[in-house]
Amino acid sequence: MSQAQVATLAVLFLFAPSSWALNPSQPASSYLQTTFTVADGLPSNVVNAIVQTADGFLWLGTDDGLSRFNGRRFRRFNFRGPGSTPQGVVHSLAVSPGGDLWIGTDTGLARISANDLDQADRSPVVFYHPGARKSDEIVCLHFSRDGFLWVGTRSGLFRWRDGKFEPVLPDGWISRLEETSNGHMLVINGTGWMELDGLREIPHSDVAAELGVRSNEIFHVVPDHTGALWFCTVAGLARKSGDAIVRFQPFGQSTRTAPSGAFRAMEDKQGNIWVFTQNGLFRATAAGMEVLAAGMNAASVYSDRDGTLWVGRKGDGLVKFKDRPIQIFKPIPQMMNTRPMAVFSDHAGELWVGSSCGGLSLFDGNGFRTYNEKDGLKNSCVNTIAEDADQNLWLGTGGGGMFRFSAGKFTQYELPQGLPSIFVYAITVSRDGSLWIGTYDGLSHMRNGSFRNYTTADGLADNLVVNVFEDKDGGIWVATAQGVDRRSDDRFVHVPSETPSFGQRSVGFLETSSGKIYVLGAPRGISRVQDRRLVGINPELELLSMLQHGPSDVWLSGANGIFRFSPLELDWVPQEHEGALDYEQFGTADGLVSAQTSRGVPNMSTTPDGKLWVATAHGLAMLDLANLHRSTSKSQVYVDEVTVGRYTEPASREIILPPGTHHVAIHFDTVELASPEKIRYQYRLDGVDAVWLDADATQLAVYTSIPIGIHNLHMRASNASGIWDRAGATYPINQKPYYYETLWFRGFSLASGLALLSGAYLFRLGQVRRQMRILLEERLDERERIARELHDTLLQSVQGLILRFHAITERLPATEPSRGSMEHTLDRANQVLAEGRDRVGSLRVLADTGGNLAQLFTTAAREIIHNGQMEFDVVIAGNPRQLNAVAREEAYWIGREALMNAVRHSKGKRVEIELIYSDKTLQLRIRDDGHGIDESSLSAVPKKSWGLVGMRERARKIRSQLEILSRVGAGTEIELVVPAAVAYRRNSSGAPRSWWRSFGGR
């Protein structure tokens, strides 16, 4: 817990009202008592000293060291100074005006700074030694109004002033120190008592003689708020005011049941005087000594800021006494097997109680006057009570129908009179004087002695009617086994709900002063009627009944106790609470024998004296509303300890989790000494929890996987009155990553992965290039082989045949008719041979001209264009490179075909051949300014456009893209795009090869 949290706690506790102070008017024996021992975490069952610091914590000095208590958990504080022995017995505690904690041990005096009170085992401690030898055993401590620390030891009295100790009484065992309203010190030593004004002793009359005891038989002198002195002596307790002495009886008499010797006294903030005697702990009253805990062997007593009384015992632990907000009244002995079901306050303020098979009882505040079968109530299982305008009581029973109680007589109504069932669960008296009756077999409306019954045929969702309610406008609402229905034009319509049907159970209605109608238990929690629907407000509480008392309180009863809400809190939209609804819960820790309330209608009622009466499973509960206070202080949440894996440590300012942490349990808490069971907690971790989560009784936030980075754990809690601090507190959690989870490592890994992918891509690209190069070279070799074969075989053979036929022709006479035919045939054969040689030559001609496509196209253009019919230009862009033979040849023939088409068909005046060399592609563009090509020619079948088909086939062979762009009247452009891997020879630029080109196979 941080210093800021400590300071906040201090302010909250200093100004918080005392809601649980011990009421002096309540019998001491009725106070609620809770015992804490070593089984609950207390270091030792011997508690010698108790004190409360500004942050609200209770500090305990025990025979086994120092412990801090927040009302729920003990935390042991181990401290050891340089050269000192480990702490042992803590005899006394005191808090300085600045908030420092001073600790008196059997080995000296220790101080913990207010800023270090949250450091637990790491607490820096300063040790002091007031004197020598036995003066190291500190017996008692007290800070006077002037800020000086008085230290009583086994060897004298010392005063801490200006940073050093000064001896006041150099000898003697100082056992008690108290201070009067004028700043005088009251000291008990081995010889008696004295009053000191600074270092000067004030003389007194011989009080011991007046009391009939020796001087050393006065054990304690305590001043009260009036200035009177209380003397604890061997003979008993006495009070001296001025010259008058009052002895509390029995004084000087020792019996088994009555106290005699009084050893220590203490006045609490309510003016109660608590006295330790040899027979236990007592309260001094005007009537004498009132026992609080008989036989209690007390070592220390303390009243905290809320007025709760704490008693440290000699061997039996720590005991808490607090006021009992709930009193329980049980049935008379002959009714022990019954339980209250319905509670009703009539017009005169008298309280009537209907019991399960116990009849009708009138309760006068102390006892019951019961009516049952002997008085004419033929069925004593009373479920519901109501009163009409004529002051008649109406009772609904479980098996006997309905009864009217008037002038001490009962009149029964059942099936023969028109009631639909003998099982009656609810009766409501309407403003017009008629009765609405909920039964097992439907709803009945009784007017002037006649019944009008309603069932499912009249719109009821179910015939089992468990409650009936009339709103301020006279509307009738009915709770059935299938939900809530509303009367409309003498029929009933169902009120839709967000929840399913609730079955046979009690359902309560309430219309607040604001006019809003609320429904309980349908099936759980609280719903509000809104736009003729039931809208859920809290689905968790199992509630049965509700009533409004005054403008500020709405009381509800349920299966888990009694609840107090504010009407304004109920009117909030649920989403605005984020799951935190303000309400106070009363249960067994407040005096209920059982938290379960009964299911009668109604099961709660208030009487004119401001008391709330509730029927419970174990008697009639009463809350005195005038003595109940609602605390407005905030409950400050802090982190107490943290468990990482298997190791638990006190919480520091933040938690840093090592990499790979898979279990974190953060225990958070608040300081609430009187009623810690009333505190409710919620938590939410940024980046993990989307909504607030309710903490269970362990107050642990457990996570198995926290994202890397710094996250705030938000915690909030209600106070003892159920009011939430919705802002709460935050606790930073820093989850450290493994090195491979850091951003730099992920960036490096991503870059490495991209580099590997790029390398793999380049490697594969090189493989593809090599494969393509091999295929192209094989194709070129094959072409050259075919050229050789054609030349050496076919052409040579044809040439031989031509020569032979030529010889034969020469032998024929000139006048021979066939000679002309033969000569013509030979001329044709020579043409075929010439064409064949040209084709064979074309297989080699491109290789012979190198990679200069521009020269090839220039030559082709001159061959194709005759007599200046078109102008042509060859344009080169980029750095010309050596080309792969096959790619060069296919590109050449595609360009030649395009050039021939432009000359033959475009009818243009100019044609341009453009070669673009780039790192990624080789581009060939041939464009003319002719009349263009229509779409039908572009999409014509092959037999009409063999040239275009051939160009596309050649482009596909070298994995290139061929695009023809043309529009009638706008010329034609043919573009061929050849990938660099196909077009260029390896290292065609002649530049040194880079490593990535080498890796890629370029």
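Which residues touch the most other members of the largest nonpolar core? In this predicted model, that core has 42 residues, and Leu853, Leu922 and Leu976 are the ones in contact with the most other members. Two or more residues are given to the core by each of helix H6 (853-864), helix H7 (885-906), strand S67 (910-917), strand S68 (921-928), helix H9 (946-957), strand S69 (961-966), strand S70 (972-979) and helix H10 (980-983), and the largest share, eleven residues, is supplied by H7. When residues up to four places away in sequence are left out of the count, Leu922 touches Leu853, Leu883, Ile916, Tyr917, Leu976, Val977, Val978, Ala983 and Tyr984. Another core, of 30 residues, lies apart from this one and includes Leu42, Ile50, Leu117 and Trp310. In soluble globular proteins, nonpolar side chains tend to be buried together.

For the protein chain as a whole, the secondary structure comprises eleven helices and 70 strands, and 52% of the 1002 residues are buried. Of the contacts between residues at least 6 apart in sequence, 55% join residues at least 24 apart. The area exposed by the chain is about 46000 Å², of which carbon and sulfur atoms supply 51%.

Aromatic residues also appear at the surface, where Tyr738, Tyr739, Tyr740, Trp744 and Phe748 form a nonpolar patch with about 630 Å² of accessible area together. Within this patch, Trp744 belongs to helix H4 (residues 743-811); because its relative accessible area is 57%, and the cut-off for exposed is over 50%, Trp744 counts as exposed.

The structure holds 44 aromatic pairs. In one of them, the ring centres of Tyr128 and Trp160 are 5.0 Å apart and the planes stand at 65°, so the pair is edge-to-face. Tyr128 lies in strand S9 (residues 125-128) and Trp160 in strand S12 (residues 156-161), so the two rings tie together parts that are 32 residues apart in sequence. Tyr128 and Trp160 are both buried, and ring pairs link them with Trp102, Phe143 and Phe165 into a cluster.

A further edge-to-face pair is formed by Tyr371 and Phe410, whose ring centres are 6.3 Å apart and whose planes are at 65°. Because Tyr371 is placed in strand S33 (residues 368-371) and Phe410 in strand S37 (residues 409-413), this pair ties together parts that are 39 residues apart in sequence. Both Tyr371 and Phe410 are buried.

Methods
Residues are numbered from 1 along each chain as its sequence is written. This is a predicted model: local features need pLDDT of at least 70, side-chain atom pairs count only at pLDDT 80 or more; totals for chains, interfaces and linings use all residues. Side-chain values use heavy atoms; hydrogens and water are left out. A nonpolar core is a set of buried Ala, Val, Leu, Ile, Met, Phe, Trp, Tyr and Cys residues joined through side-chain atoms within 4.5 Å. Buried means under 20% relative accessible area, exposed over 50%, partly exposed in between (1.4 Å probe, protein chains only). Helices (H or I, at least four residues) and strands (E, at least two) are DSSP runs, numbered from the N terminus. Contact means heavy atoms within 4.5 Å. Accessible areas come from the Shrake-Rupley method with a 1.4 Å probe; for residues, only the protein chains shown count as cover. Patches are made of residues with over 30% relative accessible area and no salt bridge: like charges are joined within 9 Å, nonpolar side chains (Val, Leu, Ile, Met, Phe, Trp, Tyr) within 5 Å. A salt bridge is a side-chain nitrogen of Lys or Arg within 4 Å of a carboxyl oxygen of Asp or Glu. Rings of Phe, Tyr and Trp (its six-membered ring) pair if their centres lie within 6.5 Å; planes under 30 degrees apart count as stacked, over 60 as edge-to-face and the rest as tilted.
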